Amino acid sequence: MNQIPEIEKKILKFWQKENIFAKSIKLRQNKPFFSFYDGPPFASGLPHHGNILASTIKDTVLRYWGMKGYQVSWRVGWDCHGLPVENMIEGELGLKSKKDIEKFGIEKFNQACRKAVFRCQADWEKTLRRLARWSDYSDAYATLDNDYIESVWWVFKQLWDSGLVYQDYRVTPYCPRCGTPLSNFELNQPGAYQDVEDESVYIKFSLKGQKDTYLLVWTTTPWTLAANTAIAVGSDFTYIKVKFNNEYYILAKERLEVLAKEGKYEIIEELKGKDLAGQEYQPLYPMKLDKPGYRVVPADFVSVEDGTGLVHIAPTFGEEDMELGKQENLPGIVTVDEEGKMVKGLKIPGEGKFVKKADQDIKTDLKKRGLLFKEEKIVHAYPHCWRCETPLLYYPINSWYIAVTKFKKELVANNQKIRWVPGHLKQGRFGKWLEGARDWSVSRNRYWGAPIPIWQCQECEKQKAIGSIKELGQTIKDLHRPTIDKVILKCSCGGQMKRISEVFDCWFESGSMPYGQWHYPFQNKKLVEKTFPADFIAEGIDQTRGWFYTLHVLATALTLKNLGLGKNQPSFKNVIVNGLILGEDGKKLSKRLKNYTPPEIIFEQYGADALRYFLLTSTPMGEDYIVSEKRIAETFRRTMLTFWNSFTFLETYTDKECLAPKSIQPGNILDKWIVSRFNTLNQEVIDWMDKYELTKAARLFDDFLDDFSNWYIRRSRRRFQKPANRQEKKQAEQILSFVLLNLAKLAAPFLPFLTEEIYQKLEKGQSVHLADYPKPNKKLIDKKLEEKMSEVRQIAAIVLAQRAKAGLKVRQPLNQLTINNKQIAADKELVNLIQEEVNIKKVVFGKEIKLDTKLTAELKAAGVIRDLIRLVQGMRKDGDLKPGDKIYLRYSTSLTLNKLIQKQTPEIKKEVSAAQIENGTKRKEPFLAEKEVELDGQKIWLGIKKK
Ligand SMILES: [Zn+2]
Ligand SMILES: [Zn+2]
């Protein structure tokens, strides 16, 4: 289809052979730093369009700062730990639970994880290289390296020493399949909340000492009812006791509709919530309690928006419930095991079953006992594990927390130092999230992760955090479980200290990346301190509650005091956030639905530059992308081909090699205009890029290319094809090659391949990526001229539209055009441009633009001659003639047409480069090209030969 993908492959080989990347680093090694942090992807799955988008953004920004003369950090890294990998391996090995893993052996399991982590690394590298994402792939960091883990330990130890780490028994979101708690922000990962249909139930709790009187309670989780130890009321709410079918029910006055739907009731009395507080009731499933329970308690979270205004409290299975339990000294009962199954032997229906399954057994039992008042189906958003999609439980567990709430003020203040693109995220999505920040549960009861470095004494229970391998006092080959679990430390009491079993939340590890990637502070201390915080990072919008957040939390915590990284620092100064990538149908990319064209095919058909430019320009930053092959093809034609054809035009009409000159002398008004226009573009691209407004910068190239190709080159054709003299052509060549060369440099970060090809033909330098970024020459900017030219283009467009409407083709000359812009009408050069473009004899000034569409005999004749010229030019092409070749033209036609042609012979000769034009009969000798057509309603035969 086209040669551009082939050119790209050739350039890839050239970069590799000539070590251009390494040369670019060497060239800028003593320059000021431009610091970048790469958010590590998982190399266990294949790269997709989302990764390509983030990579394009990163690469474009880094190339830009490199060409501006900065020493750029190009390092990439791999995320290796955590549930995503563990889940994958469990699936492959057929392990269904933690018990299965432990039976299989943690060592073997972790080995399998380690092996799997890099299985797609080669594919990643191939795709990223094809995209022209620059990096030294052999120097990538990986979160599983001992060095990286040691830095994670160091980070944790600093927080420990600052009193920001604590352990708590708390109800947290918990995945019963993975057997581990999750952090509150993992509940905000895409897809975590899913709409599910549940059965909600109204349950009757019998009040003690009042015959046939029940508290009506509503719940969507029947499996928690066996753990009920209290019922909460709002102290100041009004409650009603009603008579209904010979029984008495109590519920909030505002929730009477619950009864109204079921039948008639009679109001017996009104009570306040505080009157109910302290009353005791009969539990549904009586348990042995260690302190008094089964009573009504007041709570301020009770609402009357749904339910009955009486809230079932199970302190072990709700965050608010546990808080209330602490306040009211309520007992807690654990009726569910760590795998989410109902504990056996407690005489609860559905014992041994997964809680969601046990729901049914419990309902059946309560129905049988007449304690189920009614059931209702509801659809609600319920949280699921972001890795394995199991419904999460709120479950009581001992877990380690970072006291994020203690430095919330600093988190918010440090966010003010960050430039967000798009800007609304700063106070919006991210800012709001920081204001609501909660303590972060960082421990995971899992296997494949950086182990948490806390050792605990088996005798006196003293705990100690370790911040380096050295502190272990022994050499250790692998810091992972189970090796690390065998390291025993000595307590000051003489007892043995063993490591706690948990590993880190993998988000804690990726948030430690600024330090871990350089093994800080054990190595590269100066480098890290000099390049912290990062000048720039970029990832997808989902990371506002993922990586962006954990980077920010850890940086803020580490700079509460100055440990060498400065005081009160964010982790990054500028961040570009892209939206999600969707398929052609606006839905998530799906291999199964085949709703997108895979990157490899795009690369083959249109090349990487076209995909890069499409991603950089098609969508405002932060909004969702639709990857559509049709639109990529459009980008290819509009941008890539326009740029490439502008260059091939120069190549076609240049006699020798087309090296660009070092400086230029603009000749006519078009030259002055395009030089001004280029310098304006140069200024604007830098202005936007310095503000990290990538889309705004990238889009400028399309507008420029339109001006350049569809106006400058088109209106300069005559100077290349039929120059008045050599000097005129040479000057036009110089301007064209100069603009093309500098445009190649300016666009190099965006279109690294095409610009390289053009650069190498126009400059004797080795690679455009080793060149300095062009600086605008403000002296050559003439804003007035640019405005006037834009007006001229508008006038031309209007006239062309009018011609089309009147059915007058452009080749037909017209007499007069009136325009209402005095300045333009008075400028001979501008008037000439309009005349040539729209084929008009005269342009005059008047009140409006007006086109004289009257055809005189003379104009008509001129139109016929233009048609003839075009015919002969077409025949020259058919005969494969070069622009300089002279021809002999013979024709045979009617008397009238012959007369017309003879009158215009000199003009025709000039236009079609004919040495001789002859009227005669059609001969049988061979012609290079022949044609018999109708011209102005009369037959004409034409034949040409090379002279
Ligand atoms: Zn899970
Ligand atoms: Zn001890």
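Student: Let's start with C175. Buried or exposed?
Tutor: C175 is buried: in this predicted model the relative accessible area of C175 is 0%.

Student: OK, and which metal does C175 coordinate, and with what company?
Tutor: C175 coordinates the zinc ion (ligand 1) through its SG atom, along with the SG atoms of C178, C385 and C388. The distances run from 2.2 to 2.4 Å.

Student: What's the geometry there, and why?
Tutor: Tetrahedral, because the angles subtended by the four donor atoms around the zinc ion (ligand 1) are 104 to 119°. For four tetrahedral donors the ideal angle is 109.5 degrees.

Student: How are those donors spaced along the chain?
Tutor: The pattern for the zinc ion (ligand 1) is C-x2-C-x206-C-x2-C. C175 sits in strand β5 (residues 165-175), while C388 is in the loop between β15 (372-383) and β16 (393-402), so this pair ties together parts that are 213 residues apart in sequence.

Student: You mentioned β15. Which way does β7 run relative to it?
Tutor: Antiparallel. Strand β7 (residues 193-206) is joined to β15 by 11 bridges.

Student: Give me a landmark I can click on. Which residue in β15 is opposite E199?
Tutor: Try K377; that's the β15 residue standing opposite E199.

Student: And how many bridges between β7 and β8?
Tutor: Six, again in the antiparallel sense, with β8 covering residues 213-219. One spot to look at is V201, whose bridge partner in β8 is T219.

Student: What's between β7 and β8?
Tutor: Six residues, and the two strands form a hairpin. G209 is in the turn and has a positive phi of about 80°.

Student: Switching topic: what holds the zinc ion (ligand 2)?
Tutor: Its protein donors are the SG atoms of C457, C460, C491 and C493, which lie 2.2 to 2.3 Å from the ion. This site is tetrahedral too, with angles of 106 to 116° among the four donor atoms.

Student: And the sequence spacing for that one?
Tutor: For the zinc ion (ligand 2), the donor residues go C-x2-C-x30-C-x1-C. C460 and C491 link distant parts of the chain, being 31 residues apart. C460 is in the loop between β20 (454-457) and β21 (463-465), and C491 is in the loop between β22 (489-490) and β23 (496-499).

Student: Is C460 buried or exposed?
Tutor: In between, actually: C460 is partly exposed, because its relative accessible area is 39%.

Student: What about C491, buried or exposed?
Tutor: C491 is buried, with a relative accessible area of 6%; the cut-off for buried is under 20%.

Terms used
Residues are numbered from 1 along each chain as its sequence is written. Chains are lettered from A and ligands numbered from 1 in the order in which they are written. This is a predicted model: local features need pLDDT of at least 70, side-chain atom pairs count only at pLDDT 80 or more; totals for chains, interfaces and linings use all residues. Side-chain values use heavy atoms; hydrogens and water are left out. Donors are N, O and S atoms within 2.8 Å of the metal (3.2 Å for Na, K and Ca); water is not among the atoms, so sites may look incomplete. Four donors count as tetrahedral if all angles lie between 85 and 135 degrees; four count as square planar and six as octahedral if opposite donors are over 155 degrees apart and all others between 65 and 115; anything else is irregular. Helices (H or I, at least four residues) and strands (E, at least two) are DSSP runs, numbered from the N terminus. Buried means under 20% relative accessible area, exposed over 50%, partly exposed in between (1.4 Å probe, protein chains only). Two strands pair if DSSP finds at least two bridges between them.
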